[in-house]
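Work through the exercises below with the structure on screen. Try each task before you read its solution.

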Amino acid sequence: MSPEQPSAPRRSRIALWLVLLLLLALGGYAGWHQWRAREQAVVNSTQQQVDALSERLNAMRTEQRAQARRLQQADSLNRVLRDELDGITQRAALLETSVERLADPDRHGAQALRLDETEMLLTIGSQRLQIAGDLDGARRAYALAAGVLDGIDDPAYLSLRQTLLQERTALDALGADPRVRAIAQLDAYTQTVTAPAGREERARDERAPWWQRAFGNLLQVQPTDRAVAVQAADRAAALAGLQLEISLARAAAERRDTAGYRDALRRADTWLQRLAPDSAARTQQRAQLQALAALPLSLSVPTLGSTLQQLRQLRAR
C-alpha cells in the first residue's frame, strides 16, 4: 500500500470540520441579523409610541390652554352679568321705592309729581342765571315754578311759597342785565367821544391861519411836555386806538370779564388824554369813563337758590 493513502481520510475530516464551522458561522450571522432586526423594530415601535405620546401631550396642552381661555371668558362674562344683575337690582329697588312713595297716601302721588316739577324748574332757573347769565330765562322759570307750587294745597309748603316770592322779588329788582346796561352805556359814550373828536379836529383846522394850514405839516411848535397829539396822523392813530380799546372793553363785557373790561377802559383813558388837552370837557369824559369802568358786569342775587334748598330740605324730612 502507498504511504499517501492514510492522509486522504484526514483531509476529508478537516474539510468536514470547515464546512461545519462555516455552517455555524452562517447560522450565527443569520441569528444576529434577525436579533438586530427585532431590536430595530422594537426601537422603531417605541419611538412611534413616544412620538404619539408627545403629540397627544401637545394636544392636551393646547386643549388645556383653550379651556383656560374659555374659563377666563366665562369668568369675565359672569362678572359682567353679575354687575348687570346688581344694576337691575338697584334699579328695581329704586322703582320699588318710587312706587312706594307714589302709593303712600300721606305723600299724594300728584303732589309728589308737582314737587318734582317745581324742583326741576327752580334748578333750571338758577342754572340759567349762574351759567348763562340769562336773567329773563331765570325769571320765566321761577314764574312757572310759582304757578306749579300754587297747585299744591298742603299748608306745609306755605313758607316755601313765601321764600319763592322773596326770591322772585329780588330777581325783578335787578332790572336789566348789568352786562346789557354796561354795553349800552359804553356804546353811548363811544358816540359822544369819537364823533366830537373828529368834528373838533375839522373845526380847529378851519380856524387855523393860512400859514399854519400851509406849513403846519412841515413845522409845528409846541411845548415839550405836551402829550396831546396835534398832527392829523397822530390824532387819527390815537382815535383808532381809543376805538379799539372801547371795542375790546365791549367784547370783555359780553364775556362778563370784569378784569379785561376795566383794563381796556384804563387804556382807553390813556388814548383819551392824547386826543384832547386838559379841559373841563376832558375831565368830564374821563370821569364818565371811570364810572363806566366801575359798573358791574355779573348778576348778584344773595338769595338765589334759597327756595330750592328749602324745598329739598322739606322733601328730605
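Four exercises with worked solutions follow.

This is a predicted model: local features need pLDDT of at least 70, side-chain atom pairs count only at pLDDT 80 or more, and totals for chains, interfaces and linings use all residues. Residues are numbered from 1 along each chain as its sequence is written, and side-chain values use heavy atoms, with hydrogens and water left out.

**Exercise 1. Count the helices and strands of the protein.**

Solution. Helices (H or I, at least four residues) and strands (E, at least two) are DSSP runs, numbered from the N terminus. The protein has 10 helices and 0 strands. Next, take burial. Buried means under 20% relative accessible area, exposed over 50%, and partly exposed in between (1.4 Å probe, protein chains only). Of the 317 residues, 26% count as buried.

**Exercise 2. Find how helix 3 and helix 4 are oriented to each other.**

Solution. Start with the axes, which are lines fitted to C-alpha atoms, for helices over the stretch in contact; angles run from 0 to 180 degrees between N-to-C directions. The axes of helix 3 (residues 135-150) and helix 4 (residues 158-173) come within 10 Å and cross at roughly 160°. Helix 3 is therefore roughly antiparallel to helix 4. The cut-offs are these: under 35 degrees is roughly parallel, over 145 roughly antiparallel, 65 to 115 roughly perpendicular, and the rest oblique. Now list the contact (heavy atoms within 4.5 Å). Helix 3 contributes residues including L135, Y142 and L149, and helix 4 residues including L160, L164 and L171. By class, this contact has 10 nonpolar, no polar and 6 charged residues. Ala, Val, Leu, Ile, Met, Phe, Trp, Tyr, Cys and Pro count as nonpolar, Asp, Glu, Lys and Arg as charged, and the others, Gly among them, as polar.

**Exercise 3. Do the same for helix 8 and helix 9.**

Solution. Helix 8 (residues 258-275) and helix 9 (residues 280-293) pack at an angle of about 175°, with their axes 9 Å apart. So helix 8 is roughly antiparallel to helix 9. Among the residues that meet are Y261, L265 and L272 in helix 8 and L289 and L292 in helix 9. The classes come to 7 nonpolar, 2 polar and 4 charged residues.

**Exercise 4. Classify the pair of rings of Y29 and W32.**

Solution. Rings of Phe, Tyr and Trp (its six-membered ring) pair if their centres lie within 6.5 Å; planes under 30 degrees apart count as stacked, over 60 as edge-to-face and the rest as tilted. The count comes to 1 aromatic pair. The ring centres of Y29 and W32 are 6.2 Å apart and the planes stand at 35°, so the pair is tilted. Both residues lie in helix 1 (residues 7-103), 3 residues apart, about one turn of the helix. Y29 counts as exposed at 52% relative accessibility. W32, at 47%, counts as partly exposed.
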